Amino acid sequence: MEKLIIEETEDTPEIILDPEEGKFKISKISVPENAVDFYHPVLEWIKNYAEEPNIQTVFDFDLEYVNTASSKQVIQIILLLQKVAEKGNVKVNWYYESIDEDMKALGARYKKLVTVPFDLVEIE
Amino acid sequence: MAQESNRNLFEEAYGLFNRIGESDFEYVYRGYFNHNITKKILILADNSIAKVTDASQATLQKRIYYIMVEGLQNITHHQEEIANDSNFDKYPGIFAIQKDGGRYFISTGNIVANDKIDALKSKLDIINSLDQNELKKFHREILASGSISDKGGAGLGLIEMSRKSGNKLLYSFEKLDNEFTYFYLQTMLPTDENFGTVNPDDSDEHNTLDSVKLLHREMNAENLQLYFNGFFNQDNLLSLLAIIKSRPNMPLTTIKISNVMVEMLQNIIKHGAKSSDESVGVPGVFFLGQTGNETILTSGNIINNESVEIISQRLDFVNGMSKEDLSDYYDDVLLDFDSTDAKRTGLGFTDLRIKSDRPLKYEFQDVEDGRKFYLLQTAVKTQK
């Protein structure tokens, strides 16, 4: 499957979805005005990937800021990863800075709502 | 006491909002200045100026930028000169860029030691007595004499401000105590010749500088760090975020404030009444201030009458819930992908209430054309 790489901008995250390298990562900042449009290709890509995923998929979220519009898109990504988990092994890592209570709380919220293995990982 | 001071802000917000024209703005930053903050203020101002000037005014835009740089450097220079930082906490400086119709005003206010005033004043008076040719000559003389070694003390920056603006410099000193005085400096740039020149000897001309001094006094009284009056769009939202992020020593509070600010401002951008030139953004005001152990964020913008009911319902709804219920409600909305119920309270207000220290405060004020001025206030507990 073709990889999907989206470079970061001032208000949208860097996205790396690369099955060959085994790298799946969304990082930096996500505060776009129109989150639906931005995440549309990402959701489509994961939908396709769920058809024939790698044996193991480790998906990293390493976000600094997430607006509520993006938070609704992120849950959809995680729910699609549950689909991926039907055909492969999936693990989600949610990174947050130790001082960032809000990002930790958001990760904990997602963890509670989904069945896919979900780790909250504190970084200094 | 905190309540009272917020009340003042609600009362004053519309007056401030209303005092500027549609494609005008005034941005004021008060507090500690460092290289990062300075850089972000420049980006914020430059982006906004670009939105309201056309390509033919590229030279003007460059000159404004140049004068802003000089002004901001003046502040940090004076800040460094005063060894003891606590005096800067006690008497915070101010930077303002204002566009009022065909005129741009760039103003700074910062403390200087009382014993420096005479030298500063005589420098300014010499500069103001010279015409453009003489300024050029004076500039060359100072460069040649090499007296710039005392860190810009020769006033090259001031000369350049006068040269680039083509105008005299307005200044004023306000004594604070036995040691310090606020030094205010204002440069005016006209968008075209019709808007004329500045005559420092005419007391009417001092109105614009007096208004900045008044703003500074009010911001000191309310402990406001940021006053933004103009138009909102995604670009300046990002610049405002960057300014907040550049403030030193409060990482945890900064994250919270940033999150709350994004939701408040995107809410304005999405739902506020647009100006006639939609590409510019949505007109509004935003204040960031500190009272006791809370950071107070206040926004104000125009909405249509029919939005009043729906906004108050939503705010009452989130204000009426416990934090636990809010959290459950957040989950519900998060997982509700096919709701067509436009009346449903969205994640934005829910998130604001969760992150805010107390209920979301709001008010609608009647404005002239039957629309409403909508004020919203959140409070974030300050944590070190």
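Okay, so let's start in chain B, with B:Leu170: its bridge partner in E5(B) is B:Gln186. That pair belongs to two strands, E4, residues 170-175, and E5, residues 180-190, which pair in the antiparallel sense over six bridges. How are E4(B) and E5(B) joined? By a hairpin, and there are four residues in the connection.

Before I go on, please keep in mind that this is a predicted model. The scores are ipTM 0.92 and pTM 0.92. For chain B the average pLDDT is 89, and 93% of its residues score at least 70.

Right, over to chain A and its sheet. We've got six strands here, in an open sheet, and the order runs E1-E2-E3-E4-E5-E6 with mixed pairing. Which strands sit at the edges? Those are E1, residues 4-6, and E6, residues 118-123, each pairing on one side only. Going from one strand to the next, you get a twist of 15° on average.

If you zoom in on E2(A), residues 14-18, and E3(A), residues 23-30, you'll find five bridges between them, in the antiparallel sense. One residue to look for is A:Asp18, whose bridge partner in E3(A) is A:Lys23. And there's a helix on this sheet: H2(A) packs on it, touching E3, E4 (56-66) and E5 (89-97) of chain A. Compare directions and H2(A) makes about 175° with E4(A).

H2(A) also has a helix partner. H1(A), residues 35-49, and H2(A), residues 68-84, have axes that come within 10 Å and cross at roughly 5°. With that angle, H1(A) is therefore roughly parallel to H2(A). Who's touching whom? On the H1(A) side you have A:Ala35, A:Val36, A:Tyr39, A:Val42, A:Leu43, A:Ile46, A:Lys47 and A:Tyr49. Facing them from H2(A) are A:Ala69, A:Ser70, A:Gln73, A:Gln76, A:Ile77, A:Leu80, A:Leu81 and A:Val84. Sort that contact by class and you get twelve nonpolar residues, three polar and one charged.

Now back to chain B for another helix pair, H10(B), residues 251-271, and H13(B), residues 347-355. Their axes also come within 10 Å, but here the crossing is at roughly 150°. So these two, H10(B) and H13(B), are roughly antiparallel to each other, and the crossing is left-handed. From H10(B), the contact uses B:Lys256, B:Asn259, B:Val260, B:Glu263, B:Met264 and B:Asn267. H13(B) brings B:Gly348, B:Asp351, B:Leu352 and B:Lys355. By class, that contact has three nonpolar, three polar and four charged residues.

Last stop, the place where the two chains touch. Chain B puts in 19 residues and chain A puts in 15. Which elements of chain B give two or more residues to that side? They're H9 (234-245), H10, H12 (323-335) and H13. Of these, H10(B) gives the most, with ten residues. As for classes, chain B's side of the contact has nine nonpolar, five polar and five charged residues.

So if you open the model after this, H10(B) is a good place to pause: this helix crosses H13(B), and it also gives the most to the side of chain B that touches chain A. In chain A, try H2(A), which packs on the sheet and has its axis within 10 Å of that of H1(A).

Technical notes. Residues are numbered from 1 along each chain as its sequence is written. Chains are lettered from A and ligands numbered from 1 in the order in which they are written. This is a predicted model: local features need pLDDT of at least 70, side-chain atom pairs count only at pLDDT 80 or more; totals for chains, interfaces and linings use all residues. Axes are lines fitted to C-alpha atoms, for helices over the stretch in contact, and angles run from 0 to 180 degrees between N-to-C directions. Angles under 35 degrees count as roughly parallel, over 145 as roughly antiparallel, 65 to 115 as roughly perpendicular and the rest as oblique. A crossing is left-handed if the near helix is turned anticlockwise from the far one by less than a right angle, and right-handed if clockwise. Two residues are in contact if their C-beta atoms, placed from the backbone, lie within 7 Å. Ala, Val, Leu, Ile, Met, Phe, Trp, Tyr, Cys and Pro count as nonpolar, Asp, Glu, Lys and Arg as charged, and the others, Gly among them, as polar. Two strands pair if DSSP finds at least two bridges between them. pLDDT is the predictor's confidence in each residue, from 0 to 100.
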